[in-house]
Amino acid sequence: MIRRLKKSVVLAAIKEFLKSKKLTEDIQVIPKDDAIIIKPREGKEFKENLEQKKELFFECSHRGFMTLYEEELRTHKLIHYI
Ligand SMILES: [Zn+2]
């Protein structure tokens, strides 16, 4: 049996995370069907903001891959050594 997180719980966690990183003004979180869409707010120069908040992201120099999670970057980097 697959345990599913309640979307409201996940949403709250994401919003809490964005708040702690002071990103709530830059990024909107939209619940849609079974997914949660996270995207920059309309009209926001997200790339500039991203630049300012670079320390938040882990980046792979190969193809500009970016992630919030160090673990994900490590996994991503493995594909370069296959
Ligand atoms: Zn890469």
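A residue counts as exposed if 12 or fewer other C-beta atoms lie within 10 Å of its own, and as buried if there are 20 or more. The exercises below concern a predicted model.

**Exercise 1.** Determine whether Lys22 is buried or exposed.

*Solution.* Begin with the location: Lys22 is found in the loop between helix H1 (7–20) and strand S1. Next, take the count, which is 10 other C-beta atoms within 10 Å. The limit for an exposed residue is 12 or fewer. Lys22 is therefore exposed. As for its backbone, Lys22 has a positive phi of about 55°, although it is not a glycine.

**Exercise 2.** Check whether the length of H1 agrees with its expected span, and state how many of its residues are buried.

*Solution.* The expected span is 1.5 Å times one less than the number of residues. For the 14 residues of H1 this should give 20 Å. The end C-alpha atoms of H1 are 20 Å apart, so the two values agree. The number of buried residues in H1 is zero, so the helix lies largely in the open. For the protein chain, 0% of the 82 residues count as buried.

**Exercise 3.** Describe how S1 and S2 are arranged.

*Solution.* Strand S1 covers residues 27–32 and strand S2 residues 35–40. The two run antiparallel and are joined by six bridges. Within this pairing, Gln28 stands opposite Lys39 in S2. The strands form a hairpin with two residues between them, and Asp33 in the turn has a positive phi of about 45°.

**Exercise 4.** State the order of helices and strands along the protein chain.

*Solution.* The chain has three helices and four strands. Read along the sequence, they follow the pattern α-β-β-α-β-β-α.

How values were computed: Residues are numbered from 1 along each chain as its sequence is written. This is a predicted model: local features need pLDDT of at least 70, side-chain atom pairs count only at pLDDT 80 or more; totals for chains, interfaces and linings use all residues. Two strands pair if DSSP finds at least two bridges between them.
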